[in-house]
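This report is meant for a reader who is meeting this structure for the first time. It takes up a helix and a sheet, then the interior, the pocket and two single residues.

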Amino acid sequence: MDNIGIIESLLFTVGDEGLEAGQLADILKMDLDELDQLISTYHSKGLEIQRYGSIYMLTSKKESAPFIELLVNQKANMKLSQAAMETLSIIAYNQPLTRSDIEVTRGINSDGAVRTLIARGLIEAKDMENSRSHLLMTTDLFLNVFGMKSIEELPSTEEDNEEIENFFSTLTEQKEK
């Protein structure tokens, strides 16, 4: 496999976390200029390698957006797992936060749930100034799916935890119908 194939494989593997340019260059045993030049030669029909600050990420091409949106809308109609619902509620109430923040709260790795929520368009990862990690937050689609105009409509954390759980369960069941 050539270096560009290795880069594509590595960026696919790390997903929306991306890889630091320096780390990628170290893995490939090349300097940053060589890495930048190599990445500039990357061509794919549906994917591209983008650089955000010092992070490289494998992303879909902008021309795919309408089709991805259709997929997200179809998947938004599917029921979420318990792990995804827990992760979504943690993000909704504590946003913005990192994956590690979620893992500390849940006590287990939540990468699968986060990927599911991003794929369904319910949350998004954003780069923020003064943060080395992507910060996760809910999207407008989240508000739409759960029938809210703003995040302030979430039941308050002062209310009983059972009421909050019922809120998410009821809205999920309504969306399934």
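In this predicted model, helix H1, made up of residues 3–14, lies across strands S1, S2 and S3, and H1 runs at about 85° to S3. These three strands form an open sheet in the order S1-S3-S2, with antiparallel pairing. Strand S1 (19–20) and strand S2 (47–52) are the edge strands, each of them pairing on one side only. Between S2 and strand S3, which covers residues 55–60, the antiparallel pairing extends over six bridges, and one of the residues involved is Leu 47, whose bridge partner in S3 is Ser 60. In general, strands of a sheet pair through backbone hydrogen bonds, in either a parallel or an antiparallel manner.

The sheet and H1 belong to a protein chain whose secondary structure comes to nine helices and five strands. Read from the N terminus, the elements of the chain follow the order α-β-α-α-β-β-α-α-α-α-β-β-α-α. The protein chain has 177 residues, of which 37% count as buried. Among the contacts in the chain with a separation of 6 or more, 48% are made by residues 24 or more positions apart.

**The nonpolar interior**

The largest nonpolar core has 22 residues, and Leu 88, Leu 117, Leu 122 and Phe 142 are those with the most contacts inside it. Two or more residues of this core come from each of helix H5 (82–94), helix H7 (111–119) and helix H8 (140–145), and the largest share, six residues, is given by H5. A second core, separate from this one, has 15 residues and includes Leu 24, Ala 25, Leu 35 and Ile 39.

What does Leu 122 contact, once its neighbours within four places in sequence are left aside? Its contacts then include Leu 80, Leu 88, Leu 117, Met 137, Thr 138, Phe 142 and Val 145.

**The largest pocket**

The largest pocket holds about 1300 Å³ of space and is lined by 36 residues, among which Asp 16, Leu 58, Thr 59, Ser 60 and Ile 118 lie nearest its centre. H1, S2, S3, helix H4 (65–76), H7 and strand S4 (123–127) are the elements that give two or more residues to this lining, and the largest share of the lining, six residues, comes from H4. Ser 60 thus appears twice in this account, as the bridge partner of Leu 47 and as one of the residues nearest the centre of the largest pocket.

**Two buried residues**

The table sets out the relative accessibility of two residues.

| Residue | Relative accessibility |
|---|---|
| Thr 138 | 13% |
| Leu 154 | 9% |

Thr 138 lies in strand S5, which spans residues 134–138, and Thr 138 counts as buried because its relative accessibility is 13%, under the cut-off of 20%. Not counting residues up to four places away in sequence, Thr 138 touches Leu 88, Ile 91, Ala 92, Gln 95, Leu 122, Ile 123, Glu 124 and Ile 151.

Leu 154, by contrast in location, is found in the loop between H8 and helix H9 (161–176), and Leu 154 also counts as buried, because its relative accessibility is 9%. Where does Leu 154 stand with respect to Ala 92, in sequence and in space? The two residues are 62 residues apart in sequence, and their C-alpha atoms are 8.3 Å apart in space. Ala 92 is also one of the residues that Thr 138 touches.

Key
Residues are numbered from 1 along each chain as its sequence is written. This is a predicted model: local features need pLDDT of at least 70, side-chain atom pairs count only at pLDDT 80 or more; totals for chains, interfaces and linings use all residues. Side-chain values use heavy atoms; hydrogens and water are left out. Two strands pair if DSSP finds at least two bridges between them. Helices (H or I, at least four residues) and strands (E, at least two) are DSSP runs, numbered from the N terminus. Contact means heavy atoms within 4.5 Å. Axes are lines fitted to C-alpha atoms, for helices over the stretch in contact, and angles run from 0 to 180 degrees between N-to-C directions. A nonpolar core is a set of buried Ala, Val, Leu, Ile, Met, Phe, Trp, Tyr and Cys residues joined through side-chain atoms within 4.5 Å. Buried means under 20% relative accessible area, exposed over 50%, partly exposed in between (1.4 Å probe, protein chains only). On a 1 Å grid over the protein atoms alone, a cavity is a set of points where a 1.4 Å probe fits but cannot get out, and a pocket is an open set with protein on both sides within 12 Å along at least five of seven lines; lining residues have an atom within 4 Å of a point. Grid points are joined across faces, edges and corners, and a volume is the space filled by probe spheres set on the points.
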